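What follows is a short report for someone meeting this structure for the first time. It takes up one residue in some detail and then turns to strands, core, cysteines and charged pairs.

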Amino acid sequence: MTDTTPFTPEVVAAVMRHMNTDHADDCRVICQGLGGQPGATAAVMSGMDADGMDFVATVQGAPVAVRVPFSARLVERRQIRAEAARMYREACAALGIAPRPDAS
């Protein structure tokens, strides 16, 4: 994380918990489509700051660190959900797969 992140460790932990519990497959898709790891078989969110999300993807059975930048620097917590959804939709488009209907 950068020293200037507006997000407390508690906010980051809550976002990671939500992403890894409710959106584990989305994490994999984001790493495949936007993180340069098309062979990822799994991924977990490992951190974030105002500029992007960090993941650990499983590629050929080994952990690989992946950083996916946000489209713009985030300044408020409410922006995180929209940016995660955007990343998922763009990753789906890059992979040529249909996003979940509820991915907004």
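## Around Q32

Leaving aside residues up to four places away in sequence, Q32 touches Q37, P38, A40 and L95. The model is a predicted one, and every value given here is to be read with that in mind. Q32 lies in helix 2, and with a relative accessibility of 14% Q32 counts as buried. Its side chain makes a polar contact, at 2.8 Å, with the side chain of R28, and the side chain of Q32 also reaches the backbone oxygen of A40, again at 2.8 Å. A40 therefore appears both among the residues that Q32 touches and as the owner of a backbone oxygen reached by the Q32 side chain, while helix 2, where Q32 sits, runs over residues 24–33.

## The strands

Strand 1 and strand 2 pair in the antiparallel sense over eight bridges, and a hairpin joins strand 1 to strand 2 through two residues. Within this pairing, M48 stands opposite M53 in strand 2.

Strand 2, which covers residues 52–59, also pairs with strand 3, residues 62–69, in the antiparallel sense and over eight bridges. These two strands form a hairpin with two residues between them, and in that turn Q60 has a positive phi of about 50°. V59 stands opposite A62 in strand 3, and the bridge partner of M53 in strand 3 is V68. M53 thus has a partner to either side, with M48 opposite M53 in one pairing and V68 as the bridge partner in strand 3. In a regular strand, side chains alternate between the two faces of the sheet.

## The nonpolar core

Which residues of the largest nonpolar core touch the most other members? They are F7, V15, M45, M48, M53, F55 and I80, in a core of 29 residues. The elements that contribute two or more residues to this core are helix 1 (9–22), helix 2 (24–33), strand 1 (40–49), strand 2, strand 3 and helix 3 (78–95). Helix 3 supplies the largest share of the core, with six residues.

I80 offers a view of how these parts come together: not counting residues up to four places away in sequence, I80 touches F7, V11, V15, M48, M53 and L74. M48 and M53, which stand opposite each other in the pairing of strand 1 with strand 2, are thus both among the contacts of I80.

## The cysteines

How many disulfides does the structure hold? The count comes to zero. C31 is in no disulfide, and the nearest cysteine sulfur, that of C27, is 6.9 Å away. C31 is buried, with a relative accessible area of 0%. The sulfur of C92 is 12 Å from the closest cysteine sulfur, in C27, and this is too far for a bond, because a disulfide calls for sulfur atoms within 2.5 Å. C92 likewise counts as buried, at 0% relative accessibility.

## Salt bridges

Side chains of opposite charge can pair when their charged atoms come close. The structure holds eight salt bridges, including the three in this table.

| Salt bridge | Closest N to O distance |
|---|---|
| D26 and R100 | 2.6 Å |
| D54 and R67 | 3.1 Å |
| E76 and R78 | 2.6 Å |

The side chains of D26 and R100 meet in a salt bridge. D26 lies in helix 2 and R100 in the segment after helix 3, so this pair ties together parts that are 74 residues apart in sequence. D26 counts as buried at 9% relative accessibility, whereas R100 is partly exposed, with a relative accessible area of 27%.

D54 forms a salt bridge with R67. D54 lies in strand 2 and R67 in strand 3, so the pair ties together parts that are 13 residues apart in sequence. R67 counts as partly exposed, at 36% relative accessibility.

The side chains of E76 and R78 meet in a further salt bridge. E76 is partly exposed, with a relative accessible area of 36%, and R78 is exposed, with a relative accessible area of 66%. Elsewhere, salt bridges that share partners join D49, D54 and R67 into one network.

Notes: Residues are numbered from 1 along each chain as its sequence is written. This is a predicted model: local features need pLDDT of at least 70, side-chain atom pairs count only at pLDDT 80 or more; totals for chains, interfaces and linings use all residues. Side-chain values use heavy atoms; hydrogens and water are left out. Two strands pair if DSSP finds at least two bridges between them. Helices (H or I, at least four residues) and strands (E, at least two) are DSSP runs, numbered from the N terminus. A nonpolar core is a set of buried Ala, Val, Leu, Ile, Met, Phe, Trp, Tyr and Cys residues joined through side-chain atoms within 4.5 Å. Buried means under 20% relative accessible area, exposed over 50%, partly exposed in between (1.4 Å probe, protein chains only). Contact means heavy atoms within 4.5 Å. A polar contact is a pair of N or O atoms within 3.5 Å; within protein, one must be able to donate a hydrogen and the other to accept it, and residues adjacent in sequence count only if both atoms are side-chain atoms. A salt bridge is a side-chain nitrogen of Lys or Arg within 4 Å of a carboxyl oxygen of Asp or Glu.
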